[in-house]
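Hi everyone, thanks for making time. I'd like to walk you through a structure that you may not have seen before, so let's put it on the screen.

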Amino acid sequence: MGIRLRLSKQTLALLEALLVQPAQWHHGYALSQQTGLASGTLYPILMRLEKSSWLETRWEDAPVPGRPPRHFYRLTSDGREWAREELGAAQESKFWKPAHGKVGL
Amino acid sequence: MTVPQSSLLSRVAVNSMDLALRFWPESSRRWGQAVLAEMGEISEPGAALNWAAGGILLFFRALAAHFLEWMKLPAGARFSGAGVPGGGNGPNFPKHSRLVTAVILLAAVALLFLPIGREAATTVKESWRGFEASPGDRRDLEKIAARAEAEKDARELAFVALSYPDADRAMQFADGAVALDPNLMWIYASRSTSQEDRLKNPDRLKRLKGFDPGNATVHLVSASVESSPIFKRTIEQGRGGNPESIIEALASDKDWREEMDLAFLAPRYDGYFQRHVDLVREGWRKNPKLPPGLIATGVWTHSVPDFGNIREYADLRVSEALRAGAGGNPKEAETILGQITDFGNRMTAGSPDFFEHSMGIGVKKRGLEGFRQLYRANGQADKEKEIEAQLIEIKTNEDARVTSYIGWRTDVMNGFKWKATAVQISAVLALFLGIAIVFSLLMLEAGAAFRWKASGAGRWIACRVADYGPVLFLGASVFFLISFRPLAELFEQYRSAEQANAEAMGLFWRMYVLGDANPLAYFYNPYHQWLIGTIALAAIAVIVVARGWVRRKAIAGR
């Protein structure tokens, strides 16, 4: 278990987006579009999640020629479990409302 | 690798991120690369710019975090492996982090930037240059004068005229002040200038005489302008040491004689000392940031009448009186001598200034001495005895006054000696520590940047200075402010006009002691500079020889 994060609505929105297809790798711009978070908000949250070991990252293996490799993100298995707990708790306390119905509990 | 973009906005966005990446701290650079890599997916230029703006924000956050991490390392340490203090052969680093060092140094600097700290630093700095006005002081006074002219503040302009170090420029301010308020005409007499300067502008003298004709001072100033070339000429002719030739030369100058007659017969004597001191005090109150040395200059610029003139005139009149007495006209003799003693009395009564007061006593004594000679020549023994008794009484009183003044001044100066020494020592200590700390930190940081030798005596010393220097610097600064506090209180009392003149003069004597306690003065002396240089060179030579000898022994021992 990592450090207990202060979960803001933005963090919860990102966790929800990462849980939509948890096994798949997501890239930053897609996450930004899904959550409506600007890059200046999105990346600090990603950095904190990674530091807490809830998030794993990797670089694109075969980037489009002429473009730099993209960075991909997905929740670790512990991260997924933790994210579901946090989202559930936030939903129960009515602090947060999921954008895609009840989070996959 | 850059992300190809077509529109101008997109290119600006990509180039900004590219630029940020060049300076992005290593520890989080990949996040910047991740932001940049996404930009190839954003087709809309506005969105690309928005995305890049977020990336720039991230860059500044990364810089801040990096800076904080850097501050947590000791001075001279880097994030690479070299940043970690090593073992016996490893590089030396201070024990404290940059953050601790910076916090202590900032606390010390903040103390010195408090009003009392700034006043203390300014005063001590002034004392190191003998309380002479600096170019900065002149600029400050010029600014005050410009403001006073703009606001038509005659008294403030007069304050500048009294405090400005250069007499010519000061007189220009005086002209401005008098033009705004003719009641300030007295500053022409009170602001000390050479007689030659006064001669340059006879109009000022004429206006001064018209301003206060009943005051002996204006006639004394005028007479000294007349007598100055006579004194000069007499000295050039090699007759300077002969008082009779000077009296003769002065007596033959009609204008001088006329002015001195008017001065001795004037109903009042006011040397304008009190007005002068009050105006300077008022000026300081309005401009409390002005250095005290400049204020002392303002007070010391008070002009006292030329006692040479007064003495020669009194002697001339005494000899005229004695001649009249010898010529069978004792009444006329008594009238003349009475005029001399009366003038002495007026001068004494009208002078809060110690020196002018003494001059008045001196004139009175000359008149009484004339009376004594007159009565002796006329065989009036009773009157002669009466005058002798008066002379004895004056001498006794004057001796007591002078003794009391000197005693008071000695007490003031001796009482302040240790306090002044404490102020100076703490200031010098703070200065040297400050220089040593800056030098050590620069050496350590530059060593890290340029990968200089990480060990050695120099580095060891720099580390210890970086460790203990800031605390000592803070201590020295606190001690400096505490030791300066009595002087700061006296300055404040002076500004708030709670001090009598004598006490105010005591303040300036204390400043004199402060200047005298300057330990750096030792180094101003060329002999001492030579001595220290010779000792330093000798010490270096001994160290070099000793080191060579030790190395040679070590090689021989192998």
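Before the first number, one term: buried area is the accessible area that two parts lose on being put together, summed over both, using a 1.4 Å probe. Also, please keep in mind that this is a predicted model.

Okay, so the interface. Chain A and chain B bury about 2,000 Å² between them, and 65% of that is on carbon and sulfur atoms. On the chain B side, the residues that lose the most area to chain A are Trp31(B), Glu38(B) and Trp51(B), which together make up 32% of what that side buries. If you'd rather count residues, chain A brings 22 to the contact and chain B brings 23.

Now, what holds opposite charges together in a picture like this? Well, side chains of opposite charge can pair when their charged atoms come close. How many salt bridges does the rule find across the interface of chain B and chain A? Four. Over all chains, the structure holds 35.

Let me show you one that crosses. Arg70(A) and Glu41(B) form a salt bridge, with the closest N and O atoms 3.5 Å apart. Glu41(B) sits in the loop between H2 and H3 of chain B, while Arg70(A) sits in the loop between strand E2 (55-59) and strand E3 (71-75) of chain A.

As for polar contacts, there are eight residue pairs between chain B and chain A, both partners at pLDDT 80 or more. Which elements of chain B give two or more residues to the side that touches chain A? Those are helix H2 (29-38) and helix H3 (45-71). H3(B) provides the largest share of that side, eight residues. By type, that side of chain B has twelve nonpolar residues, seven polar and four charged.

One last stop, on the surface of chain B. Leu8(B), Leu9(B), Val12(B) and Leu49(B) make a nonpolar surface patch of about 340 Å². Helix H1 of chain B, residues 8-23, gives the patch its largest share, three residues. Leu8(B) is found in that helix, H1.

That's my tour, thanks!

Methods. Residues are numbered from 1 along each chain as its sequence is written. Chains are lettered from A and ligands numbered from 1 in the order in which they are written. This is a predicted model: local features need pLDDT of at least 70, side-chain atom pairs count only at pLDDT 80 or more; totals for chains, interfaces and linings use all residues. Side-chain values use heavy atoms; hydrogens and water are left out. Contact means heavy atoms within 4.5 Å. A salt bridge is a side-chain nitrogen of Lys or Arg within 4 Å of a carboxyl oxygen of Asp or Glu. A polar contact is a pair of N or O atoms within 3.5 Å; within protein, one must be able to donate a hydrogen and the other to accept it, and residues adjacent in sequence count only if both atoms are side-chain atoms. Helices (H or I, at least four residues) and strands (E, at least two) are DSSP runs, numbered from the N terminus. Ala, Val, Leu, Ile, Met, Phe, Trp, Tyr, Cys and Pro count as nonpolar, Asp, Glu, Lys and Arg as charged, and the others, Gly among them, as polar. Patches are made of residues with over 30% relative accessible area and no salt bridge: like charges are joined within 9 Å, nonpolar side chains (Val, Leu, Ile, Met, Phe, Trp, Tyr) within 5 Å. Accessible areas come from the Shrake-Rupley method with a 1.4 Å probe; for residues, only the protein chains shown count as cover.
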